[in-house]
Amino acid sequence: MLRLLTTFAVLLGTGSALAVPEAPHVNYAPPGKWVLTPPRPADGTLPPDAPIQVDFMDHQVRISPAGQETYFAYRMKLLTPEALPAGNVSVVWAPSSGTATVHHLRIVRDGQVTDLLKDQKFRVIQREGGLEQSMLDGYLTAMLQVPGLRVGDTLEFASTILRRDPTLGDSVFGAVQLPVQGTAGAFRLRMSWPEDQALSWRATRDLPQTLPTKADGQSVITYELRSPTSSIINEGAPVRYNIRRVFEYSSFGNWEDVSRHFFPLYESAAALSGTSALRAEAAKIVGSSKTATERAEAALRLVQDHVRYVYVGLDGGNFRPASADETWQRRFGDCKAKTAMLLALLRELKIEAEPVFVDINGGDGSDLWLPRPDVFNHVVVRAKIDGETYWLDGTRLGDRYLDTLPPPIFRWALPVRSGGGALEAVAPKAFARPQAITVLDIDASKGFASPASVRAQHVMRQDEAFTTRARLAALSAEDADRAVRSYWRQQVRWAEPSAVSWRYDERHAMLVLTLEGEGRPEWEGDDTQGRTLDIPGAGFYAPEVRRRPREQDQSAPWLTNFPRYQCYATSIRLPTSGPKWRWAYYADPMNLYLGGTRYWRASGLANNVVRTVMSSHIDVPEISAADAKAATDAIPTFNNKVSRVYQDAVSRQRSAKPPSSTMPFEDGAEWTGDAPACSAPKRN
């Protein structure tokens with residue numbers, strides 16, 4: 001219930017560009033005349049131990065020449081001690097683009113009303129809320145700790161935030177989500193705007209069907225939920241199938257208008273002055289590189305390595321990029337600033353490039369929203385070199401070569417162009433190489449009574465490799481050695497490392513951890529019954545069950561763990577079996593495509609050496625409901641048995657895999673390159 005305060009108040013929007021003086025304090029005044037009285041409380045049954053009883057939550061938005069005003073009010077009764085944190089009342093606003101006005105804060109106890117603002121005021125915290133995350137967003141928080149608050153009290157609060165972003169002129173846009181959880185109480189959203197203002201609006205189908213009314217030159221639309229039931233969320237479905245109780249609006253006619261609006265901002269920010277120090281940096285790049293690819297790589301490295309990331313939303317910076325020259329001078333900037341700087345460098349290097357808005361979280365369903373800038377939360381550079389397209393992100397670290405850049409995770413992109421760019425779908429791209437490979441070589445040839453020697457390596461690529469390398473590099477040599485030893489003890493619990501190492505291959509964005517040691521493999525059995533050993537890294541887990549409750553949309557697709565691609569390879573050099581026994585193994589070959597995953601395994605046994613290699617490769621971000629059902633139905637017959645090597649009595653002649661002349665890989669196989677042994681045949 002406490003989360004409703006946040007959920008119901010989610011609103012992103014902007015207003016006109018009229019100048020309002022910066023006001024780093026809270027105002028106190030009655031609500032504007034445009035604000036309606038609160039909705040009457042709704043009947044509803046609370047759970048036995050509910051912490052809060054909501055009478056109403058009221059959200060009213062008004063677009064006017066002054067900007068965008070957002071009125072938010074609530075009245076709630078605190079029923080249990082868990083509800084007392086509601087007494088930490090706060091107001092958040094950006095002084096550079098608006099004001100905060102508190103209308104009232106009251107306690108009602110036994111019919112008596114206490115005006116808390118009579119003797120105290122909200123205290124403005126002059127500290128940025130996101131400093132630890134390198135964010136300077138320009139927002140301030142004003143807080144008041146309600147004194148004397150008790151269980152059984154009713155708390156009433158109301159405030160209005162005025163906002164208009166100077167970067168966006170008269171453009172307005174935003175989205176409001178009403179509660180999706182079932183709860184007792186009245187919840188209202190009311191929005192009004194000038195009747196002659198062109199404004200598109202849309203509501204999800206689970207909101208009441210209503211149309212705007214006209215009154216006093218205003219268009220007004222109202223949604224009211226009275227003790228709503230819970231929205232049905234589709235388990236495991238993509239985001240676009242789970243958008244619930246959202247009202248959105250925008251004055252942009254289409255995505256081309258959004259693109260066209262921002263083009264001058266990035267064009268201006270990427271323009272270098274006649275004395276720009278970045279021109280000299282570009283000249284250095286030209287002098288030290290021969291190809292356009294090498295120059296683009298050098299420019300990206302300069303932006304990533306020499307300008308630290310700091311989000312800057314001050315003074316209209318939420319949408320306006322800082323200039324390339326300013327960013328280089330102060331050596332910090334956010335995605336907007338880094339994009340402008342990278343654009344400036346690439347243009348100096350005669351490389352075709354443009355800014356592109358994307359959603360760093362993937363952005364599934366971006367095409368379903370109205371054209372609103374806040375649909376996207378990130379901007380990157382799209383460059384074209386020798387006919388190839390590259391997505392360059394100045395806020396990342398460790399991107400050294402264009403041919404090792406990770407594929408984009410976002411599904412939609414909006415290019416920023418003078419004539420306006422259309423929204424573009426970005427096709428998902430699976431990894432061509434495994435991102436993690438674990439190779440284990442066990443030499444148990446000395447016999448069951450002697451320790452086996454162990455060699456292992458773990459190969460990781462791209463982001464995980466860079467992050468792990470950074471952590472290890474920050475440690476002393478002794479501590480890094482301990483960290484790697486700890487890793488291997490968790491992976492090969494029965495072995496004791498005698499020597500470990502790590503190395504980072506910058507050219508291939510790859511980290512390699514190695515182990516040398518010895519230990520006693522976990523053999524089962526004895527000389528009488530024969531020995532058996534589970535082969536590490538040679539067995540698959542069955543696919544997960546993908547089945548939804550009946551009330552959910554059975555036709556919705558299912559998300560996968562795209563773009564995971566992992567590989568495991570194991571060699572075991574076995575003891576001499578003797579005349580009584582022969583070595584056999586169980587590790588059936590597999591080449592199965594199921595539920596968006598390619599399961600691949602090959603194995604062989606020859607000359608007292610058993611080898612297995614297996615990989616799982618997820619190549620699509622989602623699968624259809626039919627494919628999900630097929631994968632679920634196949635679980636009972638899926639081969640998830642533990643792979644084993646064992647001694648088979650010659651006299652029994654048990655059915656077992658005999659020694660094979662074909663092995664999945666040989667001694668000296670290369671695992672840090674293309675690792676062909678990990679690859680299954682291509683999908684038909």
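How much space lies in the second largest pocket? Let's find out as we walk through this predicted model, starting at the sheet and ending at that pocket.

**Stop 1: the sheet**

Select β28, β29, β27, β26, β33, β37, β36 and β35, and you have an open sheet of eight strands, listed here in their order across it. The pairing is mixed, and from one strand to the next the twist averages 10 degrees. Now colour β28 (495-505) and β35 (590-594): these stand at the edges with a single partner strand each, so one side of each has no neighbour in the sheet.

**Stop 2: strand β26**

Next, select residues 436-443, which make up strand β26. This strand is mostly covered, with seven of its eight residues buried. Add residues 452-461, strand β27, and you will see an antiparallel pairing with β26 over eight bridges. To find one of these pairs, show Thr 438 and then its bridge partner in β27, His 458.

Now add residues 565-573, strand β33, which runs parallel to β26 and is joined to it by eight bridges. Two places are worth labelling here. Val 439 has Ala 569 as its bridge partner in β33, while Ala 436 stands opposite Gln 566 of that strand.

As you look along the strands, keep in mind that in a regular strand the side chains alternate between the two faces of the sheet.

**Stop 3: helix α7 and the cavity**

Select residues 462-473 to bring up helix α7. This helix lies across β27, β28 and β29 (510-519), and runs at about 115 degrees to β27.

Keep α7 on screen, since the helix provides the largest share of the lining of the largest cavity, three residues. A search of the whole structure finds one cavity of 30 Å³ or more, and the largest cavity has a volume of about 80 Å³. Its lining has 14 residues; show Arg 396, Gly 398, Asp 399, Gln 462 and Ala 509 to see those closest to the centre. The lining of this cavity divides into seven nonpolar, three polar and four charged residues.

**Stop 4: the second largest pocket**

Finally, back to the opening question: the second largest pocket holds about 630 Å³ of space. Centre the view on Leu 402, Asp 403, Thr 404, Leu 405 and Lys 429, which lie nearest the centre of this pocket among its 24 lining residues. Then select residues 388-392, strand β23, the source of the largest share of the lining, four residues. Coloured by residue class, the pocket lining shows 13 nonpolar, five polar and six charged residues.

How values were computed: Residues numbered from 1 in each chain as written. Predicted model: local features only at pLDDT ≥ 70, side-chain atom pairs only at ≥ 80, totals over all residues. Heavy atoms only, no water. Buried < 20%, exposed > 50% of the residue type's maximum accessible area, 1.4 Å probe, protein only. Helix = DSSP H or I, 4+ residues; strand = E, 2+ residues; numbered from the N terminus. Pairing = 2+ DSSP bridges. 1 Å grid on protein atoms, 1.4 Å probe; cavity = no way out; pocket = protein on both sides within 12 Å on 5 of 7 lines; lining within 4 Å. Points joined across faces, edges and corners; volume = space filled by probe spheres on them. Nonpolar A, V, L, I, M, F, W, Y, C, P; charged D, E, K, R; others polar. Axes fitted to C-alpha atoms, helices over the stretch in contact; angles between N-to-C directions. Contact = heavy atoms within 4.5 Å.
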